[in-house]
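Reader: I'm new to this one and would like to know what the labels rest on. Can we go through them together?

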Amino acid sequence: MVNNKILFHADDFGRSSEISKNILKCLEYGSLNSVSVMVNHDQDSLYKLKKFKNINTRLHLNLTEIPKTNEINSEFLSNLNFFKLLFLDKSKKKIIFNEIDDQINKFIKIFQPKSLKIDGHEHVHFIPWIYTHISKNIDKYNISEIRNSNEELMMPRLKDIFNISYLRNMLACMLIKFFSLYNNKLKISSPQFSGLLYSGIQDEQTLDKTINYFKRKNIEIFEILIHPGFASEEEEKNFKKEYFGFYISQKRRIEYNLCFSEKIKKKLRLI
C-alpha cells in the first residue's frame, strides 16, 4: 500500500488582503497545507505567509489580473485575459516574458526558496509558448516543479452532467489536454493534479471522490485544488468587473469551510 502525501492546495494567495487573510486562517487552523502566491497585488500578506513553516509554497504566475501601474506597457498588461494570451504577436510575447521573469524574481527575493515551484492563475502557464519559456529557464531559476494541469478525468456523477459549471470545466480540461500535446515532457516531476474539473463547485462529496480515486490508483503524491480565499465587498475596486463576482461568491465560502471539515481532515489523515 502506498503512503499517500496529499497537498490540499489553495490558489490566489496575495490577490487581496481579505483573500489572503482567509487563506491564512485555513493554513493555521484548518487542513490546508499548500498555497500558490500572486506577487503583484497585496504585498503585506506575502510577508505574513513567509512566517508559516512547513507550508508548500509556489509562485502563482498571474498574467490575467495584472494591476495597472505608471510603467510602460501597463495598459496592455492590465487588459490581458486567457484568450488574448493565445494570440499575441512576437513583440507582445517579449513583454510577457519580461513580466514572467519579473514575477519569478519577486517571488524568489521574498520567499528565498531552495528551489522554485510554479503554476499559473487560470492555468496560463500551460499555454504552449508560455510553458516553453518557463521550461527553457528551469536551470536559470532552479525550477523543481511546474504544475501539470493535464488532469485525469474521473467518471462524472449524474448531477454533474446537468451542471453548467461542470460542463464548462470539462471544456477547460479538454483545452488543457490539447495544449499538453504541444508542451515538452520535462524531466522534473510534479504531483498528480486535480481541481480544474470541479473548480468552483468543490464540496465534501467531490473531495471524497477525488481522494478515493487517487488512493485506489496508488498515486504517491497528489494535489487537490480548492479556492477558499474570498474577497470582501469593500475590495470591489481592486478587481475587474468580470472577476469580482467569482471572488465574493458563496461557493468560495463553501470551499473555505471545507478546510475545517472533520470528515475531510480524516480523509487527509490529519486527525
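**How the labels are earned**

Author: Buried residues make up 55% of the 271 residues in the chain. Keep in mind that this is a predicted model.

Reader: How do you know that the radius of gyration agrees with a compact globule?

Author: You set one value against the other. A compact globule with 271 residues would have a radius of gyration near 18 Å, and the chain has 18 Å, so the two agree. Along its principal axes, the C-alpha trace spans about 50 × 40 × 40 Å. As for contacts between residues at least 6 apart in sequence, 74% of them join residues at least 24 apart.

Reader: What are the building blocks, and how many are there?

Author: The chain has twelve helices and seven strands. Take strand β2 (residues 34-37): Ser34 and Ser36 are buried on one side, and Val35 and Val37 are buried on the other.

Reader: What makes β1 and β2 a pair?

Author: Pairing takes at least two bridges. Strand β1 (residues 5-13) and β2 have three bridges and run parallel, so they count as a pair. One of the links is from His9 to its bridge partner in β2, Ser34. Between the two strands, the chain passes through helix α1 (residues 17-29), and this β-α-β crossover is right-handed.

Reader: What joins β2 to β3?

Author: Four bridges do, and these strands run parallel; β3 covers residues 56-61. Ser36 has Arg58 as its bridge partner in β3. Here the chain crosses through helix α2 (residues 43-50), in a β-α-β crossover that is right-handed.

Reader: On to the rings. Why is the Phe82 and Phe83 pair called edge-to-face?

Author: By the ring-pairing rule there are 15 aromatic pairs. Phe82 and Phe83 have 75 degrees between their planes and lie 5.6 Å centre to centre. Since pairing needs centres within 6.5 Å and edge-to-face needs over 60 degrees, both conditions are met, so the name fits.

Reader: And why is the pair of Phe178 and Phe179 called tilted?

Author: Their ring centres are 6.4 Å apart, and their planes sit at 50 degrees. Stacked would need under 30 degrees and edge-to-face over 60, so what remains is tilted. Phe82, Phe83, Phe178, Phe179 and Tyr182 form one aromatic cluster.

Reader: Which of Phe82 and Phe83 is buried and which is exposed?

Author: Buried means under 20% relative accessible area, and Phe82 has 12%, so Phe82 is buried. Exposed means over 50%, and Phe83 has 55%, so Phe83 is exposed. In the tilted pair, Phe179 is buried at 6%, while Phe178, at 42%, falls between the two cut-offs and is therefore partly exposed.

Reader: How do you know that helix α6 is largely enclosed by the rest of the structure?

Author: Helix α6 (residues 128-136) has nine residues, and seven of them are buried, so it earns that description. The buried ones are Pro128, Trp129, Ile130, Tyr131, His133, Ile134 and Ser135.

Reader: Why is His125 called buried?

Author: His125 has a relative accessible area of 0%, and the cut-off is under 20%, so it is buried. His125 is found in the loop between β4 (116-120) and α6. Among the residues His125 touches are Ile130, Tyr131 and Ile134, as well as Asp119, Gly120 and Arg147. His125 and Phe97 are 28 residues apart in sequence, and 12 Å apart in space, C-alpha to C-alpha.

Key. Residues numbered from 1 in each chain as written. Predicted model: local features only at pLDDT ≥ 70, side-chain atom pairs only at ≥ 80, totals over all residues. Heavy atoms only, no water. Buried < 20%, exposed > 50% of the residue type's maximum accessible area, 1.4 Å probe, protein only. Right-handed = clockwise from strand over helix to strand, strands pointing away. Rg over C-alpha atoms; globule rule 2.2 N^0.38 Å. Contact = heavy atoms within 4.5 Å. Phe/Tyr/Trp six-rings, centres within 6.5 Å; stacked < 30°, edge-to-face > 60°. Lists of a residue's contacts leave out its neighbours within four places in sequence.
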